[in-house]
Amino acid sequence: MSMECAFCAGGLDHCHGTLVVHLEGGFTECSEDGCVDLDFARHTLTIDCLDVDGCCSCAEVRVELLRAS
């Protein structure tokens with residue numbers, strides 16, 4: 001049994017990567033090598049950088065701000 005992506009089968013523009021939204025700096029990046037269109041509509045999976053395994057420098061800044069308050 002072979003599974004095929006419904007978006008691929010339908011010829012729709014999309015990305016199989018995960019869009020990572022960085023809270024500090026207001027930028028996004030994709031886990032898929034070569035992805036250059038970071039539109040939310042092209043990505044079925046979008047997460048905050050805080051949810052990335054191993055965290056991100058944005059997460060460290062957020063934790064320090066929480067500790068300070």
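This briefing walks through the fold, the cysteines and the salt bridges of the structure shown above. Keep in mind that the model is a predicted one. The protein chain has two helices and three strands, and along the sequence these follow the pattern α-β-β-β-α. The three strands build an open sheet, a search of the whole structure turns up zero disulfides, and the salt bridges found number two.

**The chain as a whole**

- The protein chain has 69 residues, and 25% of them count as buried.
- Its accessible surface is about 5,100 Å², and carbon and sulfur atoms hold 54% of that area.
- Among contacts in the chain with a separation of 6 or more, 42% come from residues 24 or more positions apart.

**The sheet**

- Following the sheet from one side to the other, you meet the strands in the order S2-S1-S3, with mixed pairing.
- S2 and S3 are the edge strands, as each pairs on one side only.
- Ignoring direction, neighbouring strands of this sheet are turned by 25° against each other on average.
- As general background, strands of a sheet pair through backbone hydrogen bonds, and they may do so in a parallel or an antiparallel way.
- Strand S1 covers residues 15-21 and is mostly hidden from the surface, with six of its seven residues buried.

**How S1 meets its two partners**

- With S3 (residues 43-48), S1 pairs in the parallel sense, and five bridges join the two.
- Along that pairing, Thr18 sits opposite Leu45 of S3.
- With S2 (residues 28-30), S1 pairs in the antiparallel sense over three bridges.
- Two places to look for on this side are Leu19, which stands opposite Cys30 in S2, and Val21, which stands opposite Thr28 in S2.
- S1 and S2 make a hairpin, with six residues in between.
- If you check the turn of that hairpin, you will find Gly25 with a positive phi of about 95°.

**The cysteines**

- Why is there no disulfide between Cys35 and Cys15? The closest cysteine sulfur to that of Cys35 is the one in Cys15, and it lies 3.8 Å away, which is too far for a bond; a disulfide would need the two sulfur atoms within 2.5 Å.
- Cys15 belongs to strand S1, and its relative accessibility of 7% makes it buried.
- Cys35 also counts as buried, because its relative accessible area is 18% and the cut-off for buried is under 20%.
- Cys49 is another buried cysteine, with a relative accessible area of 0%.
- Beyond its neighbours within four places in sequence, Cys15 is in contact with Cys30, Glu32, Cys35, Arg42 and His43.
- The C-alpha atoms of Cys15 and Asp37 are 8.7 Å apart, although 22 residues separate the two along the chain.

**The salt bridges**

- Which residues make up the salt-bridge network? Asp13, Asp37 and Arg42 are linked in it.
- One bridge joins Asp13 to Arg42, with 3.1 Å between the closest N and O atoms.
- This pair ties together distant parts of the chain: Asp13 lies in the loop between helix H1 (6-9) and S1, while Arg42 lies in the loop between S2 and S3, 29 residues apart.
- In the other bridge, the side chains of Arg42 and Asp37 meet with an N to O distance of 3.8 Å.
- Are Arg42 and its partners buried or exposed? Arg42 is buried, at 12% relative accessibility.
- Asp13 is exposed, at 56% relative accessibility, whereas Asp37 is partly exposed, at 35%.

**Where the topics meet**

- Arg42 is a handy residue to select in your viewer: it is part of the salt-bridge network with Asp13 and Asp37, and Arg42 is also among the contacts of Cys15.
- Cys30 is another such point, as Cys30 stands opposite Leu19 across the S1 and S2 pairing and is in contact with Cys15.

Definitions and conventions. Residues numbered from 1 in each chain as written. Predicted model: local features only at pLDDT ≥ 70, side-chain atom pairs only at ≥ 80, totals over all residues. Heavy atoms only, no water. Buried < 20%, exposed > 50% of the residue type's maximum accessible area, 1.4 Å probe, protein only. Helix = DSSP H or I, 4+ residues; strand = E, 2+ residues; numbered from the N terminus. Pairing = 2+ DSSP bridges. Contact = heavy atoms within 4.5 Å. Axes fitted to C-alpha atoms, helices over the stretch in contact; angles between N-to-C directions. Salt bridge = Lys/Arg side-chain N within 4 Å of Asp/Glu carboxyl O. Areas by Shrake-Rupley, 256 points an atom, 1.4 Å probe, with all protein chains shown as cover.
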